[in-house]
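Student: I would like a close look at a single part of this model. Please take one helix and describe its surroundings in a connected way.

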Amino acid sequence: PVWDIIRSRFPISLFYGLLSLIITYAVCIPLGIVKAIKHRSFVDNATSVVIFAGYAVPGYVLGALLLLYFSVELEWFPLGGFTSMYFDELDTWGKVKDITSHAILPLACYLVGSFAVTTLLMKNNLMDNLAADYVRTAVAKGVSFKDAVVKHALRNSLIPIATTFGQNITLLVGGSFLIETIFDINGFGLLGLTAIFDRDYPVVMGVVFLTSLLLLIGNIISDILVAFVDPRIRFK
C-alpha cells in the first residue's frame, strides 16, 4: 500500500521539518526585532551581510561544500544518512549523539534560505509599524518606546508572519529532495523524486494528494493565527 510507503518516511521528514520550523522562528523573529530597532547600526549591517550571504548560496550547494570540508577533510561529521549502521546497538545517550551528528549539516542547509526571508519580513513590517501614526501618537502621550514596540507595533508586525506560517506546514513533510539526495536521507522529498523517476504513479499521486492536503490545512492554520494576532478580527 502507498500509505505504508509514505508513513515509513514520516518520522525523518517530521524531524527535520519541525526542527527547521522551530529554529527559524525562534531565531528570526527576535533577530528581526533587533534589526528594526537598531536599523543601520553595526549589528544590523553585520547580520544583513551574513544573512544575504547565506541566502545567495543554494542549500544543496552548501551541503556539498559542508560534506567536502567537515566530513571528508576534518571528519567531524558523518557523510550522510539519518543514523549510523550500528544505531540499534547504542544506548539512549549514544543514539541522541548519533542523530545529532547526522542532523547538524542537513539542518544548516535547510535553514540557510529561510533565515533571510523570515528575518527581513519581520524587520520591514516592524519598521513600517514603528513609523505609523498610532505608534508616534502613543509615544507622544507618554508611552515608553519599549511598550510602544511590544504592546502596539509588534502585534501588528506579526500578521504577515502568521499569514505565511501555514504554508510552511508543507515543508514539514516535503523537505528538499536535493538536500536529501546529497545527504542520503530517506525522507518524503526523496521518495517523491524516486517515484517520478521510477514512474511509480500510485506513489506520485499519494505524494501530491498529501502535499495538497497539508497545504489546505496550513491555510486554515494561517487564518486562525491571523485572527488571534490581528486585533481587528474577532471570533463570533
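What follows is an account of one helix, its packing partner and the nonpolar cores.

Tutor: The model is predicted, and the part chosen here is helix 4, which covers residues 92–130. Helix 4 packs against helix 6 (residues 145–165) at an angle of about 135°, with the two axes 8 Å apart. An angle over 145 would count as roughly antiparallel, and 65 to 115 as roughly perpendicular; helix 4 and helix 6 are therefore oblique to each other. Their crossing is right-handed.

On the side of helix 4, the contact is made by Thr118, Leu121, Met122, Asn125, Leu126, Asn129 and Leu130. These meet residues of helix 6 that include Phe145, Val149, Leu154, Pro160 and Ile161. By type, the residues of this contact comprise eleven nonpolar, six polar and no charged.

Helix 4 also takes part in the largest nonpolar core, which has 15 residues. Within this core, Tyr16, Leu105, Cys109 and Phe183 touch the most other members. Two or more residues each come from helix 1 (2–37), helix 3 (59–73) and helix 4, and helix 4 gives the most, with six residues. Leaving aside neighbours within four places in sequence, Leu105 is in contact with Leu66, Leu67, Phe70, Ser71, Phe77 and Phe183. Another core, of 14 residues, lies apart from the largest one and has Tyr25, Ile33, Leu126 and Leu154 among its members. Leu126 in helix 4 and Leu154 in helix 6 are also among the residues of the contact described above.

Conventions:
Residues numbered from 1 in each chain as written. Predicted model: local features only at pLDDT ≥ 70, side-chain atom pairs only at ≥ 80, totals over all residues. Heavy atoms only, no water. Axes fitted to C-alpha atoms, helices over the stretch in contact; angles between N-to-C directions. Helix = DSSP H or I, 4+ residues; strand = E, 2+ residues; numbered from the N terminus. Parallel < 35°, antiparallel > 145°, perpendicular 65-115°, else oblique. Left-handed = near helix turned anticlockwise from the far one by under 90°. Contact = heavy atoms within 4.5 Å. Nonpolar A, V, L, I, M, F, W, Y, C, P; charged D, E, K, R; others polar. Core = buried A, V, L, I, M, F, W, Y, C linked by side-chain atoms within 4.5 Å. Buried < 20%, exposed > 50% of the residue type's maximum accessible area, 1.4 Å probe, protein only.
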